[in-house]
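This report walks through selected contacts, helices and surface features. The structure comes first.

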Amino acid sequence: MTKPLVIFLLLFAPVLRAALAWDRLPDLPDREGFAGMFAGVVRDGESDYLVVGGGANFPGERPWDGGSKVYYDTLYLLPLEEGGSWRKAGVTLPMEVGYGMAVTLPRGTCLFMGGENNEGARDEVIGISMSRGELSVEVIGSLPHPITTGVAGLVDGQVVVGGGSDGETTRRALYRMRRRDSESIEWEALGWPEDARGRMHAVAGVRGSRFYLFGGRDVAAGEEEADERIFGLDWLRDCWELEVPTGQWRRLADLPAGRSASPSTAVPLGGDSFLVLGGVTVPLLREELRKRPEVNGQGMEHPGFSREILCYHGVVDRWVVAGEFSVPGLLPPVTAPVVVHDGRVIVPSGEVKPGVRSPQVVAAVPTSGRLHFGWFNWLVVAIYLGGMVAIGYRFMKRESASSTEAYFRGGQRVPFWVAGLSIFATMLSAITFMAIPGAAYATNWNGYIGQWPILVIIPLVVFFYLPFYRRLNVTTAYEYLEKRFNTATRLIGSLTFMFFHLGRVAIVLYLPALALASVTDINVFAAIGVIGALCVIYTVMGGIEAVVWTDAIQALVLIGGALLCFGLVVAEVDGGLGAIGQAMTEQGKGLTASWDPGDFSLKKGSTSGFVLFVAFLMANLPSYTSGQDVVQRYVTTPSEKEAARSLWMNIVMVLAGSAIFFALGTALFVFYQEKPELMDPGLPAKDGVLPFFIIQNLPAGVAGLIIAGVFAAAQSTISSSLNSVATAFVTDVYGRVWKPAASDAARLAVAKRVVVLLGGMGIVVSSYLALIGTDEVFFLFNRFIGFALGPLGGLFALGVFTRRANGMAGLLALVAGVMAVVGTSVANEAGIIDVMPLLYGAIGFFTALATGWLLGWVMPAHDQQVAGLTIWTQEK
């Protein structure tokens, strides 16, 4: 029986538009046009040009009338700017040639490789460049052997080429160009799938470090009839993925039907999809052969080749139809090159009927599949976020913001369960809410190992760190550093925290807004402004008490929303929970980490469960021991016992809550694997899948509530950062070294101004990132600031667990830890070493701890300096 959700989706859900919107560029200046052309992009100064050349056609009689195929060496140029027109280049290719392979290189040049002509298959590699308006053409080397009708692509900046035919037989080999200079070209064999046949006229694809091979055709394996066999050739359905750095091949889902001679390159779209544009299929050839057997199914009456555009969704490994070639008056081309330039797909010339070429040049741009959010959803969001502001107003009236004690510590009257939910919500940002299901959807549950260290972290905090924070009656974690070491360590620790959260506010605003905007019509700037402004308002009004109570509500909404989505998906997938469990065990969607005691690889991509556990442990421990945004919750409860209860509660929240999010991601994988037609080809592979599902499948209002929860999750993280930074600045800087005599009212006023200033800066920087469409520089800033967090955690551990190091030893230990992490990162980026970046926290932590302990032997602290400040000297 068809399930209710599926019926609803088919009748009422937003219809995803075709993946490409087609347009037309100026025709080539040739009456016939060409099949098997080369094409690429060259740069001259600041201008880019489409360069096409070679190919073949039948300039006289058609092939069914006995005409002969003619190959060409002509090159044509089209400026890739509005209003550009074609011109014939002043130079030609070194020979008449067609049906080869081409790649565009990052530096604005391109390579035309191999092909064929009347003399047979070719092996030349021709470099094409442009300077001062003139093309330069030079044979720069040769392929490992002649290749025609093969595949090629650029993987991590290196040319990959192969397959096709050598003129006599299809070849089962791919090659990578290892060096290209003025003197030589070297090739490295990449092998071929063991169970795959050689093939001509296949389609290539590239994404990241992976090379893809779709369909094609081969010489028939026998003479008997077969479904995908005609004219002595077998049309192939099998598709393959090669992880180029490792040489590992993986078979993908087969094409719905054999397809050959589609335009040469699959168009990458979204986070994991490819589009295969048309092609030649056996059923069409058979039908035309039946109609006109005397001309082998050819002739001007031929209707043309397939208009279907197939979409491969990589995560769920499924093929669907995603629209069709739709340029008025034109037929879809085959045996044509594909060039992707500035987001535009260009297909120059090609064969439109057997033996018939066309000078047409078509272009397409990906269409937006964004879903409409709707006024009712917006109303729910407005009510929800208005409620968050109302909470801030309530606590303002309750005098929760009338003193620094109330503003920073909530008068120490926050119930333990609220503090526990607040800690959970602080660590669970909107990014995490979308990223965890996205990671489980796209990969597996290995990230769940990152939650297990909570079983170690919480006992450490409760038994060793919490007593110091409560019994010393501190407001910030960094007050402990001054008591244990000196004022300098307190200031450095506090400033490091503040700078990190300055960047974090902008990133936490930007990323969820971007993810929502990528799958809905929510404006990214509106999302940033709404989240940021309302967050600043209720944080200023209500202080830490408003922050923790809103955190608690938001944590419950997010958990409830995840459970609702999970239940809905389980009810609609065939097999329910069993299908999800089967995906985890049979499709590698569960825990796939290695628990082999002999496998302790520290390299990037390591799947050692032991290494992952330690890496996540040391990455998360500093947040619970030295991060003011979390430590501040420890001092908001009425007693140390209540603070400990909030932490014990957090173990359950982290393990159970994250399991729900991972299970939801796996459920989404099964759902869209069964119903790939509901996916948007342009969907971001990971972070966008959950909001896309919510808007697509949940009723209006319910979807609005959960998306409001996503907004609120961002707010919970941001409000924690705003209040904790204000607390750290006023307590550790303004009130300690700047104006120690300032009144409480003055300190409170400064704290509120810091909240407004930091929130405003976060909104501006986040909006700027959205405007320029990049965040690489800002992420780099945050990464380097973050290098200090692991060493800072090591400094706290040095203070708590050792009694020998003095203040200078602590400072030098912190510096050593930072230098160790920075040095490791630089060496890692340069390829000198190979270390998982997740281990940077552990490296910084243990370097600082070990350095401080060793220096303590020559820079010892006096007994009175550590009295009551280490586990060895604390009062019982």
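## Helix α12 and its surroundings

Within α12, the buried residues are G609, V611, L612, A615, L617, M618, L621, P622, Y624, T625 and S626. The model is predicted. Helix α12 covers residues 609-626, 18 residues in total. From its first C-alpha to its last it reaches 26 Å, close to the 26 Å expected at 1.5 Å a residue.

Where does α12 bend? The bend is at N620, by about 25 degrees. A proline, P622, follows within four residues. P622 is also one of the buried residues of α12.

An α-helix has 3.6 residues a turn, so residues three or four places apart point the same way. The buried set in α12 includes L617 and L621. It also includes L612 and A615.

Helix α13 spans residues 628-634 and holds Q632. Q632 counts as buried because its relative accessibility is 0%, under the 20% limit. The side chain of Q632 makes a polar contact with that of N723, at 2.8 Å.

## D732 and its partners

D732 sits in helix α16, residues 702-738. Is D732 buried or exposed? D732 is buried, with a relative accessible area of 0%.

Two contacts of the D732 side chain are described here. One is a polar contact of 2.9 Å with the side chain of S494. The other is a salt bridge with R490, at 2.7 Å from N to O. D732 lies in helix α16 and R490 in helix α9 (residues 487-519), so this pair ties together parts that are 242 residues apart in sequence. R490 counts as buried too, at 6% relative accessibility. Both ends of the salt bridge are therefore buried: D732 has 0% relative accessible area, and R490 has 6%.

## Salt bridges elsewhere

Side chains of opposite charge can pair when their charged atoms come close. How many salt bridges does the count give? The count comes to 30 salt bridges, taking a side-chain nitrogen of Lys or Arg within 4 Å of a carboxyl oxygen of Asp or Glu. Three of these pairs are listed below.

| Pair | N to O distance |
|---|---|
| D27 and R24 | 3.2 Å |
| R251 and D254 | 3.0 Å |
| D732 and R490 | 2.7 Å |

The D27 and R24 pair has partly exposed members. D27 has a relative accessible area of 31%. R24 stands at 39% relative accessibility and counts as partly exposed.

The R251 and D254 pair can be read in the same manner. R251 is partly exposed at 43% relative accessibility. D254 is partly exposed at 30%.

Some salt bridges join into a network. Its members are R197, D218, E224, R229 and D234.

## A nonpolar patch on the surface

Which residues make the nonpolar surface patch of about 470 Å²? They are W375, F376, L379 and I383. L379 belongs to helix α3, residues 375-397.

L379 is partly exposed because its relative accessible area, 39%, falls between the 20% and 50% limits. That value is also over the 30% needed for patch membership, so L379 passes the accessibility cut-off for the patch.

L379 also gives a sense of distance along the chain. V347 is 32 residues from L379 in sequence. The C-alpha atoms of L379 and V347 are separated by 45 Å.

## Two loop residues with positive phi

H201 has a phi near 55 degrees, a positive value in a residue other than glycine. H201 lies in the loop between β17 (185-191) and β18 (203-207). Its relative accessible area is 14%, so H201 is buried.

F231 also has a positive phi, about 55 degrees, although F231 is not a glycine. This residue lies in the loop between β21 (229-230) and β22 (233-235). Is F231 buried or partly exposed? F231 counts as partly exposed, at 44% relative accessibility.

Definitions and conventions. Residues are numbered from 1 along each chain as its sequence is written. This is a predicted model: local features need pLDDT of at least 70, side-chain atom pairs count only at pLDDT 80 or more; totals for chains, interfaces and linings use all residues. Side-chain values use heavy atoms; hydrogens and water are left out. Patches are made of residues with over 30% relative accessible area and no salt bridge: like charges are joined within 9 Å, nonpolar side chains (Val, Leu, Ile, Met, Phe, Trp, Tyr) within 5 Å. Accessible areas come from the Shrake-Rupley method with a 1.4 Å probe; for residues, only the protein chains shown count as cover. Buried means under 20% relative accessible area, exposed over 50%, partly exposed in between (1.4 Å probe, protein chains only). The expected span of a helix is 1.5 Å times one less than its number of residues. The bend at a residue is the angle between axes fitted to the seven residues ending there and the seven starting there. A polar contact is a pair of N or O atoms within 3.5 Å; within protein, one must be able to donate a hydrogen and the other to accept it, and residues adjacent in sequence count only if both atoms are side-chain atoms.
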